[in-house]
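Colleague: Could you take a close look at one part of this model for me? I'd like to see whether simple geometry holds up.

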Amino acid sequence: MLILIIAVVMVIIFATIFAVQYKLASMEGKPDTGKILESSIIWSIISYIVIGIIVFGISFIVSFLS
């Protein structure tokens, strides 16, 4: 069940990043979906790493204090 929740959150993060970049690109003209997809994947991976570091840090601090 936890893996399913994590997968859904990862998809939501990617979809949000893609939607924001697509909206910004469409405001400037015809959006290039390939470049938007590529940069969305890169930003999603970066956000997954940052969230992982934060969660690991919090769990390390909590286990260290108890």
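What should the 33 residues of α2 span at 1.5 Å a residue, and how far apart are its end C-alpha atoms?

Modeller: It's a predicted model, so local features need pLDDT of at least 70 and side-chain atom pairs 80 or more, while totals for chains, interfaces and linings use all residues. Numbering runs from 1 along each chain as its sequence is written, and side-chain values use heavy atoms, with hydrogens and water left out.

On your question, the expected span of α2 is 48 Å (1.5 Å times one less than the number of residues), and the end C-alpha atoms sit 47 Å apart, so the two agree. For scale, the C-alpha trace of the protein spans about 55 × 25 × 15 Å along its principal axes.

α2 covers 33–65 and α1 covers 2–28; the protein has 2 helices and 0 strands (DSSP runs of H or I, at least four residues, or E, at least two, numbered from the N terminus). Buried in α2 are Ile-36, Ser-40, Ser-44 and Ser-47 (under 20% relative accessible area, 1.4 Å probe, protein chains only). Those buried residues pack against α1 (contact is heavy atoms within 4.5 Å). Across the 66 residues of the protein, 12% are buried.

Both helices also supply at least two residues each to the lining of the largest pocket, though α1 gives the largest share, 5 residues. A pocket is an open set of points on a 1 Å grid, over protein atoms alone, where a 1.4 Å probe fits, with protein on both sides within 12 Å along at least five of seven lines; lining residues have an atom within 4 Å of a point. Among the lining residues are Tyr-48, Ile-51, Gly-52 and Val-55, as well as Ile-6 and Met-10.

Conventions:
Buried < 20%, exposed > 50% of the residue type's maximum accessible area, 1.4 Å probe, protein only.
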